[in-house]
Amino acid sequence: NGRITFHMTDVNYILIKRESLLELKANSRMLIPLCGKTVDLAYLAGKCNVVGVDAVEIALKQFISEHKAQVIEFKNGNYTISLNGHILQYVVGDWFSFDRGQFDAAFDRGALVAINPEDRPAYVQVLIRSLSPGAKLLLVATEHSPFKDGRLGPPFNLTKDQVHILFENFFSIQAIETEDRFHIDSNWKERGCSYFFESTYLLTRRCDS
């Protein structure tokens, strides 16, 4: 039906609050996995060389339409987009086969928690090969009760222990904060949750692995 679910209409508040942790420079390569049509792409376009990845082409089309952006080049699933005088890249394709060199930073605000939990190790392997030594990953994890229809996600729970199991062999892990979003975002109560927490982690790609 053309509707992109699990979409935020504003720049992610955690990105705004914790952006400095990513140590972005004008020439930094920044990766946004499973980006959809997030406005975070537009926000980051003027700050670094941002690349979004998603398998759903309609998300790209809606992003272009909503931001009045222009495709200036297309090659092998890679779209070069002009937006307000800035350039960004959008790759339409399967995340698990993504290979566009190495990046200095990444922001995962809803990708790892969106995929089926059994696919998480394969997802993380793509991050491992895509992030250069010393690169920063800002990761947002969720923990909540089941939704009213009994489903567990998406977004699925991602606990601190699970974060360590997935990442600790290749990243140093710093827990930044955990925030109770249940009373802030009415969406979670409407979906039947009795609690909803978001936890932010800063992961740094280790140089010895």
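**Exercise 1. Salt bridges**

Task: State how many salt bridges a search of the whole structure finds, and work out which parts of the chain the pair Glu177 and Lys17 ties together.

Solution.

Step 1. The model is a predicted one. Searching the whole structure gives eight salt bridges.

Step 2. In one of these, the side chains of Lys17 and Glu177 meet, with an N to O distance of 3.2 Å. Lys17 belongs to helix 1 (residues 13-18) and Glu177 to strand 8 (residues 171-180), so the bridge links parts that are 160 residues apart in sequence.

Step 3. Lys17 has a relative accessibility of 45% and therefore counts as partly exposed.

Step 4. Through shared partners, salt bridges join Lys17, Arg18 and Glu177 into one network.

**Exercise 2. Two further pairs**

Task: Place Lys37 and Glu66 in the secondary structure, and decide whether Lys37 is buried or exposed. Then classify Arg206 and Asp208 by accessibility.

Solution.

Step 1. Lys37 and Glu66 form a salt bridge whose closest N and O atoms are 2.8 Å apart. Glu66 is in helix 3 (residues 57-67), while Lys37 is in the loop between strand 1 (29-32) and helix 2 (40-45), so this pair ties together parts 29 residues apart in sequence.

Step 2. Buried means under 20% relative accessible area. Lys37, at 11%, is therefore buried. Its partner Glu66 has a relative accessibility of 44% and counts as partly exposed.

Step 3. Arg206 and Asp208 also meet through their side chains in a salt bridge, at 3.0 Å from N to O. Arg206 is partly exposed at 29%, and Asp208 is exposed at 60%.

**Exercise 3. The largest nonpolar core**

Task: Identify which residues touch the most other members of the largest nonpolar core, and list the contacts of Leu139 and of Phe167.

Solution.

Step 1. The largest nonpolar core has 29 residues, and the members touching the most others are Leu139 and Phe167. At least two core residues come from each of strand 2 (49-54), strand 6 (103-108), helix 4 (120-130), strand 7 (131-144), helix 5 (160-167) and strand 9 (196-205).

Step 2. Beyond its neighbours within four places in sequence, Leu139 contacts Asp108, Leu112, Leu158, Val163, Phe167, Ser199, Thr200, Tyr201 and Leu203.

Step 3. Phe167 is located in helix 5 and is buried, with 1% relative accessible area. With the same exclusion of neighbours within four places, its contacts are Leu112, Val124, Leu127, Leu137, Leu139, Ile173 and Leu203. For Val124, the C-alpha to C-alpha distance to Phe167 is 7.5 Å, across 43 residues of sequence.

Step 4. In soluble globular proteins, nonpolar side chains tend to be buried together.

**Exercise 4. The sheet**

Task: Give the order of the nine strands in the sheet, explain why strand 3 and strand 8 each have one side without a neighbour, and describe how helix 4 packs on the sheet.

Solution.

Step 1. The nine strands make an open sheet with mixed pairing, in the order 3-4-5-2-1-6-7-9-8.

Step 2. Strand 3 and strand 8 stand at the edges and have a single partner strand each, so one side of each lacks a neighbour in the sheet.

Step 3. From one strand to the next, the twist averages 20 degrees.

Step 4. Strand 2 and strand 5 pair in the parallel sense over four bridges. Val53 stands opposite Val91 of strand 5.

Step 5. Helix 4 packs on the sheet and touches strand 1, strand 6, strand 7, strand 8 and strand 9; the directions of helix 4 and strand 7 make about 150 degrees.

**Exercise 5. Helix 3 and Arg191**

Task: Name the buried residues of helix 3 and what covers them, then locate Arg191 and its contacts.

Solution.

Step 1. Ala59, Leu60, Gln62, Phe63 and Ile64 are buried in helix 3. Their cover includes helix 2, strand 3 (70-75), strand 4 (78-83) and strand 5 (86-92).

Step 2. After helix 3 comes Lys68, with a positive phi near 50 degrees.

Step 3. Arg191 is in the loop between helix 6 (186-190) and strand 9. Not counting residues up to four places away in sequence, Arg191 touches Phe147, Lys148, Arg151, Pro154 and Pro155.

Step 4. Arg191 and Ser28 are 163 residues apart along the chain, and 38 Å separates their C-alpha atoms.

How values were computed
Residues are numbered from 1 along each chain as its sequence is written. This is a predicted model: local features need pLDDT of at least 70, side-chain atom pairs count only at pLDDT 80 or more; totals for chains, interfaces and linings use all residues. Side-chain values use heavy atoms; hydrogens and water are left out. A nonpolar core is a set of buried Ala, Val, Leu, Ile, Met, Phe, Trp, Tyr and Cys residues joined through side-chain atoms within 4.5 Å. Buried means under 20% relative accessible area, exposed over 50%, partly exposed in between (1.4 Å probe, protein chains only). Contact means heavy atoms within 4.5 Å. A salt bridge is a side-chain nitrogen of Lys or Arg within 4 Å of a carboxyl oxygen of Asp or Glu. Two strands pair if DSSP finds at least two bridges between them. Axes are lines fitted to C-alpha atoms, for helices over the stretch in contact, and angles run from 0 to 180 degrees between N-to-C directions.
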